Amino acid sequence: NMHRTPRPSNIQHANRIVWRKTRIEGRPVPFAVAGEGPPVVFLHGWGLTPHPYCPAVERLAEHDVQVFAPSLPGFGGTAELPPAERNLPGYARWVKQFLNAAGIDEAVMVVGHSFGGGIAIQSAYHLPARVARLVLVNSVGGATFTPSKQSARPIRERPLRDWAAAGALEALSTRSSLPAVATMTAAAMTNILHNPRALWRTAQLARNADLREELDELANRDLPVAVIWGRDDKVIPQSSFESVRIAVRNALILEVTGAHGWLISDPDSFGNAMEQVFTTWSTQDAA
């Protein structure tokens with residue numbers, strides 16, 4: 001049972017982030033850990049590291065789970081994947097290696113935001129014995145985008161300038177607190193300085209990700225899936241979200257107020273959304 005009563009506020013300090021390192025194929029992997037209980041793996045978005053997500057991870061840990069948030073390959077000091085592995089299935093194999101290196105031997109819930117959502121989908125698809133539940137937060141993987149006054153087109157045809165413009169518009173209109181903006185900027189700058197080519201390569205993976213077949217198979221397996229969507233997202237198109245919703249069929253769908261990075265700017269809302277997910281699944285488990 002993944003859900004338990006949240007901890008009283010006087011002992012919530014137990015859910016605070018602790019930073020650790022492990023090694024995969026001899027190379028260091030920094031990761032954050034918070035909380036106690038059944039394991040949850042949190043996969044961050046493109047261009048970032050776990051650092052901007054720390055408040056959200058701590059809110060998640062309040063639900064009596066232990067959250068592991070690694071810096072994904074190519075980001076935050078974690079080495080990029082070998083050339084032949086630089087695809088989403090390669091990232092899924094890396095997730096398996098991380099589970100082993102972190103000593104996690106039971107099936108986990110995987111929570112993925114944005115690009116991390118695409119990795120989470122592939123991990124659930126390729127690692128059925130290791131992933132018990134899946135939560136997608138404003139995830140890549142949908143099939144389409146809709147240019148103004150046009151019918152839907154494949155997401156891979158969306159011009160790079162549209163992605164860039166959407167990201168810039170969201171940054172300008174964000175309600176993020178100054179600390180959230182500062183940690184996002186610091187994480188992005190770390191990645192730009194450390195490995196700009198990895199940023200470019202992973203951007204191509206994110207913008208071309210069409211994971212409808214994988215989602216359809218996960219629905220066939222009856223894997224519990226929740227899709228949480230910030231309805232003001234300007235980075236992931238609405239039509240892409242709709243194609244994810246259709247592909248996964250029986251998923252729990254939650255729409256919240258917020259843009260693409262809403263869980264960074266409003267971690268309390270993320271905690272509340274995850275409370276709904278845990279409560280719904282706990283009720284279903286008891287039925």
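**View 1. How much of the chain is tucked away.** Of the 287 residues in this predicted model, 53% are buried, where buried means under 20% relative accessible area with a 1.4 Å probe, counting protein chains only. The chain's accessible surface, worked out by the Shrake-Rupley method with a 1.4 Å probe, adds up to about 12,700 Å², and carbon and sulfur atoms own 53% of that. Residues are numbered from 1 along each chain as its sequence is written. Because the model is predicted, local features need pLDDT of at least 70 and side-chain atom pairs need 80 or more, while totals for chains, interfaces and linings use all residues, and side-chain values use heavy atoms, with hydrogens and water left out.

**View 2. A stacked pair, Phe31 and Phe68.** The whole structure holds 9 aromatic pairs, meaning Phe, Tyr or Trp rings (for Trp, the six-membered one) with centres within 6.5 Å. Here the ring centres of Phe31 and Phe68 sit 6.4 Å apart with planes at 25 degrees, so they count as stacked (under 30 degrees; over 60 is edge-to-face, and the rest are tilted). Phe31 belongs to strand S2 and Phe68 to strand S4, 37 residues apart; strands are DSSP runs of E, at least two residues, and helices are runs of H or I, at least four, numbered from the N terminus. Both Phe31 and Phe68 are buried. They also join Trp94 and Phe98 in one aromatic cluster.

**View 3. An edge-to-face pair, Phe42 and Phe270.** Phe42 and Phe270 meet edge-to-face, 6.4 Å centre to centre with 80 degrees between planes. Phe42 is in strand S3 and Phe270 in helix H10, so this pair ties together parts 228 residues apart in sequence. Phe42 and Phe270 are both buried.

How values were computed. Buried < 20%, exposed > 50% of the residue type's maximum accessible area, 1.4 Å probe, protein only.
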